[in-house]
Amino acid sequence: MRPQKFTYTELMQTKVINPTFEPTVEQYAKAYLFAEDYWEGKRNYIITSKPYLWALALQRVSRTVVISGITRFEELSLEKSHEIFKKVKQLRQRKQKQR
């Protein structure tokens, strides 16, 4: 598939049934940052050739829960959530250094 433009709304409405793939920690982190940018009005779309991967990652990192003061993603383990938040922090720092 050639890279195409997909909006946040399109990705959130995409149904991913019985996925045979699992996004990496970095892909989850990038999806989280894309969602943040969307809600802050900075970005409304991405260009990708893997919309189902982005849809799955975006949908999973869009739902967080706080249990005993610890924020984690509803559909992912506490360990995986911790790894993703750590990667998000790294990507943010890398982005700030580029500016």
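User: Buried means under 20% relative accessible area, exposed means over 50%, and partly exposed lies in between (1.4 Å probe, protein chains only). Which residues of helix α4 are buried?

Analyst: This is a predicted model, in which local features need pLDDT of at least 70 and side-chain atom pairs count only at pLDDT 80 or more, while totals for chains, interfaces and linings use all residues. Residues are numbered from 1 along each chain as its sequence is written, and side-chain values use heavy atoms, leaving out hydrogens and water. Helices (H or I, at least four residues) and strands (E, at least two) are DSSP runs numbered from the N terminus. In α4 the buried residues are S81, I84, K87, V88 and L91.

User: How many degrees around the axis do the buried residues of α4 cover?

Analyst: The residues concerned are S81, I84, K87, V88 and L91. They lie on the same side of α4, because their arc, taken from the directions from the helix axis to the C-beta atoms, is only 125°.

User: Which residues are exposed on the other side of α4?

Analyst: What covers the buried residues includes α2 and β4, where contact means heavy atoms within 4.5 Å. On the other side, the exposed residues are E79, H82, K86, K89, Q96 and K97.

User: What distance does α4 reach from its first C-alpha to its last?

Analyst: Helix α4 spans residues 78-98, which gives 21 residues. The expected span is 1.5 Å times one less than the number of residues, and here that is 30 Å. Close to this expectation, the helix reaches 31 Å.

User: Which elements do the buried residues of α3 pack against?

Analyst: Helix α3 (residues 51-61) is mostly covered, with ten of its eleven residues buried. Among them are P51, W54, Q59 and R60. The packing partners of these buried residues are β1 (4-7), α1, α2, β2 (45-48), β3 and β4.

User: Why is the ring pair of F34 and W54 assigned its class, and which class is it?

Analyst: Rings of Phe, Tyr and Trp (its six-membered ring) pair if their centres lie within 6.5 Å; planes under 30 degrees apart are stacked, over 60 edge-to-face, and the rest tilted. By this rule there are eight aromatic pairs. The centres of F34 and W54 are 6.2 Å apart and their planes stand at 90°, so the class is edge-to-face.

User: How many residues apart in sequence are the parts that F34 and W54 tie together?

Analyst: Both F34 and W54 are buried. F34 belongs to helix α2 and W54 to helix α3, so the pair joins parts whose separation in sequence is 20 residues.

User: Is W39, the ring partner of Y38, buried or exposed?

Analyst: The rings of Y38 and W39 form an edge-to-face pair, because their centres are 5.1 Å apart and their planes are at 80°. Both belong to a cluster in which ring pairs link Y8, F34, Y38, W39 and W54. Y38 is partly exposed at 23% relative accessibility. With a relative accessible area of 63%, W39 is exposed.

User: Where is S68 found?

Analyst: S68 has a positive phi of about 50° although it is not a glycine. At 74% relative accessibility, S68 counts as exposed. Its place is the loop between β3 (64-67) and β4.

User: Which residues does T71 contact, leaving aside its neighbours within four places in sequence?

Analyst: T71 sits in strand β4 (residues 70-73). It counts as partly exposed because its relative accessibility is 37%. Its contacts beyond those neighbours are T64, V65, V66 and F85.
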